[in-house]
Amino acid sequence: MVERMITPILTLLLGCAEEAPVYGVSFGGERLPVVDMHLHQGEWNLIPESTRRFLASRFPAPLGLIAESTAEGSLNAEGVLEQLDEAGVIQGALFAVYAPRTVGVATNEYVAEQVLQDPERLFGLGSLRLDDWNNDAEAQLAGLAATLEKPGFIGIKLAHAHQHVRLDDPRFDALWSLAAATGKPVYLHTGSSPFPNTAQDAAYTDPAYFEPIIAAYPDAQFILGHLGYDFINKEVGALDTCVELAARYENVWLEPSALGSAGSDPTGANLLTAYSAMKGAGVIDRVVYGSDGPQSPGFVAEYLERSVAAMEGAGYTAEEARAVLSLNFAAVFGVEPAPL
Ligand SMILES: [Zn+2]
């Protein structure tokens, strides 16, 4: 009798388990929660034509044929959450972007709306325009400050190379002071970029140019995105500079997104080099995982797999991987550690 009852209950439970997403990744015999700090969404019509063509070219055939609708689907919160579920990622942060000449615009207001679709799982990084600073600095700063007070906004996103401002531009003191005063970390794109119209000179891409600001604002936290990767030549680029800055400054954090993708690092050798260098320098407690997805369907899951493989290859312990995949996110952004 008991057996006869258990079978349908088991079937029911297993049936449910199959449908519900399974969160976390296995690492060293443990199941670890995963937070992806680097996700994009936005309105396709705010992306410049040259970048739309570039994005469309990156979707595998036959998706390339319907790139426009596919990109749109993966660019809203629902699409992002679907990709996170597929990857087993429990939480993620969406980036506002103001780079109208390169990657396009995803407004603070749009990100705020998307975060509200699932405030338990989605966070936001606010941004601002930097390209007319001599005229609109006050308005831009006020807009960003108001955004940072909205629910779920945990940091500030910048990309000097995409926004056409130098990393050592001395005009942004008020921005760094705002970051320090609000305790909201600043995420910076570092390294070259494959997007059309990017400013590729060293002053825009090499994090060494940013050191004076890191040194001058010890109370502001800075996250060096992409580890200074050279996306044009698919080489490690300014990896050593990023790792050295993290070793020398407590307020420097490292984010290894995008560089290890199948397109940018086909063999996975560069991502392995990056994770090895961070371990070697003793800065694992300031590495924050991100993918730079969703990009194309399955990318978020694949990037996580490649990153786990790189950490395994570099000899990370389960506790070190746990720090990278979720705990360091909680530490830098001052939020509760993610559940499984
Ligand atoms: Zn990005």
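**Exercise 1. Place L32 in the structure: in which strand is L32 found, and which residues does L32 touch?**

Solution. L32 is found in strand β2, residues 30–32, where strands (E, at least two residues) and helices (H or I, at least four) are DSSP runs numbered from the N terminus. Residues are numbered from 1 along each chain as its sequence is written. This is a predicted model, in which local features need pLDDT of at least 70 and side-chain atom pairs count only at pLDDT 80 or more, whereas totals for chains, interfaces and linings use all residues.

The next step is burial, for which a residue is called buried if 20 or more other C-beta atoms lie within 10 Å of its own, exposed if 12 or fewer, and partly exposed in between, with C-beta atoms placed from the backbone. L32 has 23 C-beta neighbours inside 10 Å and therefore counts as buried.

The last step concerns contacts, meaning pairs of residues whose C-beta atoms, placed from the backbone, lie within 7 Å. Leaving aside residues up to four places away in sequence, L32 touches G24, V25, F27, A318, A321, R322, L325 and S326. One of these, A318, is 286 residues from L32 in sequence, yet the two are 8.1 Å apart in space, C-alpha to C-alpha.

**Exercise 2. Work out the order of the strands in the seven-stranded open sheet, and say which strands are its edges.**

Solution. Strands count as paired if DSSP finds at least two bridges between them. The order is β3-β4-β7-β8-β9-β10-β11, and the pairing is parallel. The edge strands, each of which pairs on one side only, are β3 (35–40) and β11. Neighbouring strands of this sheet are turned by 30° against each other on average, direction ignored; axes here are lines fitted to C-alpha atoms, for helices over the stretch in contact, and angles run from 0 to 180 degrees between N-to-C directions.

**Exercise 3. Explain why strand β7 is described as largely enclosed, and trace the pairing of β7 with β4 and with β8.**

Solution. Five of the five residues of β7 (residues 122–126) are buried, so the strand is largely enclosed by the rest of the structure. L122, G124 and G126 point one way, F123 and L125 point the other way, and all are buried.

Strand β4 (residues 91–95) runs parallel to β7 and is joined to it by four bridges, with F123 in β7 as the bridge partner of A93. Strand β8 (residues 153–158) also pairs with β7 in the parallel sense, over three bridges, and here G126 has I156 as its bridge partner. Between β7 and β8 the chain crosses through helix α6 (residues 133–148), and this β-α-β crossover is right-handed, that is, with the strands pointing away from the viewer, the path from the first strand over the helix to the second runs clockwise.

Two helices complete the picture: α4 (residues 77–87) lies across β3, β4 and β7 at about 140° to β4, while α5 (residues 108–117) lies across β4 and β7 at about 170° to β7.

**Exercise 4. Describe how both faces of strand β11 are covered.**

Solution. In β11 (residues 252–255), V252 and L254 on one side and W253 and E255 on the other are all buried. Four bridges join β11 to the parallel strand β10 (residues 222–225).
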